[in-house]
Amino acid sequence: MLSSVYCYPENKLKKFSIRSDISIPILLFALISYDLFHSFTIDKHLSIDAVGYFTTILDTGNFTDLSWSRQFAEYLTQWPLVFAVQMGIQNLILLKFVFAIGIYLPYLLSFLLCVYALRQEQQFLLAFPFLSIVGINLSVNYALAGEHHVMELLSWPILLLSLRRHPLTWGDGIILWLLLLLYSRTFESTVISALIIAAVLIAKLYRARHNPKPAIIYSMALALSIATCLIAIYFILYPADAANKSNFSEAIKLAIHNKQALATLIFSMVLTLGLIFRNRFLLAACILPTALYLLVIIKGHGLTAYESFSSRTLSLTLLPFLLICTILTHYFNGRFNRLSKQLVVLFILVIIVGDLRFSNNWSNFRHQVTEIVSASRGYIPIEQTVLDDNPYRWTWNNPGLSIVWSYPCVHAILLNSPDITWEPFNPHQTLPLKRYVSYDGIFQSVDSDINVCH
């Protein structure tokens, strides 16, 4: 009876071992990892708020703790850097790398847990987590340290564990509970994804109502999913910053124009229909969004910093759509054949190629900043430089980036525009990273405790 609840008959469902269908997913994860580490090598993980996170952790030796509802995401990404600082490491180059490792670890953890969740199941369901990464995470890579990345990455092992046809062990249940506990305080947009997961758990709980072990596992997981929804709803209604609510709403409208996300949505929809109906013509139609995005790569310039940051709202829109695609493919026993696997690989490869090409926008911005600060002395108003209208920079992190990128000796600091309403610190009043960098003597009038360059 138990097998009929969780498994299809042998003539309808093939058993997949971890080894039989994992080689392509490993290759895809390696390609995604290469793209991420390329971003780390050009310091893209310091973009937007991240340089503020970085300097705060280095100066305080502790987590940023900016919002209670996002604390677990901060802990998951920041603990390596906090540990390194508390161990006394002072090499800024090494600490930037440690910061990058902390951002990367949730990707690795998510992938390994997804593989674990899909043991004895169809391993190539990993295509949907990969589509989520290239369609959402990589398009929001001007905010690589953002908490929404962790939320998106945790969604997938939670869903795949919840969907398992094979009975969950107590070990599976504990992992699922821990993941949902972490999930509950990552990002407010968990609200829809957590509802989708809760619906899956309700269906599983109903089927397993006469079996004590799975009933306990699913009941506890359902309670945690509901708690996640309630936490998200509360902080949506009462955000830490009231401006966040209107900013997020405006960002949803802007994210609609994200061609990378739009291509992923169309590809995933056509792929899901092709798998469900086992139709080769539908599957072959997946080549259209791939080809269209290839044209974007050839003719386009990539997302601006603001467009990329606004695309964090895809965690509320595109992510739930991809979760539903996965559920439908699983429910209707859609099988990845050779053609569908090739199309998934091609699409992901095209997105990664585009991301690598468009990373030149950030590289050029970084090069311009380092050239300006190395050739100048004192404070430099951003509006007096070629960077003033650069669409690949943010408005409030110029002092932080110019200090970090001047390591080991800071001779000049780029100032933010005078009309901005908030900035992490005022370089006319305080100087960060005094234990890690030296400053030109001109800055002694601001802070007499700085180490002066020799």
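Strands E1 (residues 378-381) and E3 run parallel to each other and are paired through four bridges. Within this pairing, Pro381 faces Leu415 of E3. The model is a predicted one, with a mean pLDDT of 92 for the protein. Eight salt bridges are counted in it, and several of them are described below together with the burial of their partners.

**Strands**

- Strand E3 spans residues 412-415 and is covered on both faces.
- Ala412 and Leu414 are buried on one side of E3, while Ile413 and Leu415 are buried on the other.
- Leu415 is thus a buried residue of E3, and Pro381 is the residue that stands opposite Leu415.

**Salt bridge Lys96–Asp43**

- Lys96 and Asp43 form a salt bridge in which the closest N and O atoms are 2.8 Å apart.
- This pair connects distant parts of the chain, with the two positions 53 residues apart in numbering: Lys96 belongs to helix H5 (residues 92-117), and Asp43 to the loop between helix H2 (23-41) and helix H3 (50-60).
- Lys96 counts as buried because its relative accessibility is 9%, below the 20% cut-off for that class.
- Asp43 is likewise classed as buried, because its relative accessibility is 4%.

**Salt bridge Asp440–Arg377**

- A salt bridge joins the side chains of Asp440 and Arg377, with an N to O distance of 2.9 Å.
- Because Asp440 lies in the segment after E4 and Arg377 in the loop between helix H17 (338-374) and E1, the pair ties together parts that are 63 residues apart in sequence.
- The two partners fall into separate accessibility classes: Asp440 counts as buried at 7% relative accessibility, whereas Arg377 is exposed, with a relative accessible area of 55%.

**Salt bridge Asp447–Lys434 and the shared network**

- The side chains of Asp447 and Lys434 form a salt bridge at 2.7 Å, N to O.
- Asp447 is in the segment after E4 and Lys434 in the loop between E3 and E4, so this salt bridge ties together parts that are 13 residues apart in sequence.
- Asp447 counts as buried because its relative accessibility is 10%, while Lys434, at 28%, counts as partly exposed.
- Salt bridges with shared partners also join Asp43, Lys96 and Arg366 into one network.
- Beyond its neighbours within four places in sequence, Asp447 is in contact with Leu431 as well as with Lys434.
- Strand E4, after which the segment holding Asp447 follows, covers residues 438-439.

**Nonpolar surface patch**

- Leu262, Ile266, Met269, Leu273 and Phe277 make a nonpolar surface patch of about 440 Å².
- Leu262, one of the residues of this patch, is located in helix H12 (residues 259-277).
- Leu262 counts as partly exposed because its relative accessibility is 42%, a value that also lies over the 30% required of patch residues.

**Confidence of the prediction**

- Of the residues of the protein, 94% reach a pLDDT of 70 or more.
- Residues 1-20 have pLDDT values under 50 throughout.
- For residues 1-20 the model has 34 contacts beyond four places in sequence.
- Where pLDDT is low, predicted coordinates should not be read in detail.

Definitions and conventions: Residues are numbered from 1 along each chain as its sequence is written. This is a predicted model: local features need pLDDT of at least 70, side-chain atom pairs count only at pLDDT 80 or more; totals for chains, interfaces and linings use all residues. Side-chain values use heavy atoms; hydrogens and water are left out. Patches are made of residues with over 30% relative accessible area and no salt bridge: like charges are joined within 9 Å, nonpolar side chains (Val, Leu, Ile, Met, Phe, Trp, Tyr) within 5 Å. Accessible areas come from the Shrake-Rupley method with a 1.4 Å probe; for residues, only the protein chains shown count as cover. A salt bridge is a side-chain nitrogen of Lys or Arg within 4 Å of a carboxyl oxygen of Asp or Glu. Buried means under 20% relative accessible area, exposed over 50%, partly exposed in between (1.4 Å probe, protein chains only). pLDDT is the predictor's confidence in each residue, from 0 to 100. Contact means heavy atoms within 4.5 Å. Two strands pair if DSSP finds at least two bridges between them.
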